[in-house]
Amino acid sequence: MSGVWMFQQNGVVRLVENPKAESNSKHGKVLVHLASNEVITSYSVLERKLMALGWERYYDDPSLIQYHMRSSIDLISLPKDFTKFRSIHMYDIVVKTRNVFLVKDM
């Protein structure tokens, strides 16, 4: 079985076997880890990738999931609920982890 894991507008991730056919009817984004070409489908997957890069979990705000890098002032803040993970959060990750992640259209 081949295809692409895609975020739907309600935040659910599902496998789409023909993404080009669906891209005309739905507009969404996916966050892709470039080294593995893996679509980020959960916070646990994202956390593994970020921690491998030296990011640490930051527990200052219980309503958010946050990561920071000791060597910089950067802070990645994400909604606790993965269904609320939107393209603005994806682009924030891309900017703060240059050449590691990419946001693609579904």
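Which residue in β4 is the bridge partner of V32? The points below come to that pairing by way of the overall fold, and they concern a predicted model.

1. Overall layout. The chain holds three helices and eight strands, and when these are read along the sequence they follow the pattern β-β-α-β-β-α-β-β-β-α-β. Of the 106 residues in the chain, 33% are buried. The accessible surface comes to about 6600 Å², and carbon and sulfur atoms account for 53% of that surface. Among the contacts with a separation of 6 or more, 42% join residues that are 24 or more positions apart in the chain.

2. The open sheet. Three strands form an open sheet in the order β4-β3-β8, and their pairing is antiparallel. Since β4 and β8 stand at the edges and each has a single partner strand, one side of each is left without a neighbour in the sheet. As for β3, four of its five residues are buried, so this strand is largely enclosed by the rest of the structure.

3. Pairing of β3 with β4. These two strands pair in the antiparallel sense over two bridges, and the bridge partner of V32 is V39 in β4, which answers the opening question. The two strands form a hairpin with four residues between them. N37 lies in the loop between β3 and β4, and its phi is positive, at about 55 degrees, although N37 is not a glycine. With a relative accessibility of 55%, N37 counts as exposed, because the cut-off for that term is over 50%.

4. Pairing of β3 with β8. On this side of the sheet the pairing is again antiparallel, and β3 and β8 are joined over five bridges. K29 has D105 in β8 as its bridge partner, while V30 stands opposite K104 in β8.

5. Helix α2 and its two faces. In α2, which spans residues 43-52, the buried residues are Y43, V45, L46, K49 and L50. They cover an arc of only 155 degrees around the axis, and therefore they lie on the same side of α2. In general, an α-helix has 3.6 residues a turn, so residues three or four places apart point the same way. The face of α2 turned away from the buried side carries the exposed residues R48 and A52. After the helix comes G54, which has a positive phi near 100 degrees.

6. What α2 packs against. The buried residues of α2 pack against β3 (29-33), β4 (38-39), β6 (64-68), β7 (75-79), α3 (87-96) and β8 (101-105). With respect to the open sheet, α2 lies across β3, β4 and β8, and it runs at about 145 degrees to β8. Helix α3 also packs on the sheet, where it touches β3 and β8, and its direction makes about 25 degrees with that of β3.

7. Helix α3 and the loop after it. Which residues of α3 are buried? They are H89, M90 and I93, and, seen down the axis of α3, they fall within an arc of 105 degrees, so they line one face of the helix. N99 has its place in the loop between α3 and β8. The phi of N99 is near 65 degrees, a positive value in a residue other than glycine, and N99 is exposed, with a relative accessible area of 73%.

8. The nonpolar core. The largest nonpolar core has 19 residues, and those with the most contacts inside it are L31, L46, L78, F85, I93 and F101. Two or more residues are given to this core by each of α2, β6, β7, α3 and β8, and α2 gives the most, with four residues. In soluble globular proteins, nonpolar side chains tend to be buried together. Two of the residues named for their contacts inside the core return to points made above: L46 is one of the buried residues of α2, and I93 is one of the buried residues of α3.

Conventions
Residues numbered from 1 in each chain as written. Predicted model: local features only at pLDDT ≥ 70, side-chain atom pairs only at ≥ 80, totals over all residues. Heavy atoms only, no water. Buried < 20%, exposed > 50% of the residue type's maximum accessible area, 1.4 Å probe, protein only. Contact = heavy atoms within 4.5 Å. Areas by Shrake-Rupley, 256 points an atom, 1.4 Å probe, with all protein chains shown as cover. Arc of directions from axis to C-beta. Core = buried A, V, L, I, M, F, W, Y, C linked by side-chain atoms within 4.5 Å. Pairing = 2+ DSSP bridges. Axes fitted to C-alpha atoms, helices over the stretch in contact; angles between N-to-C directions.
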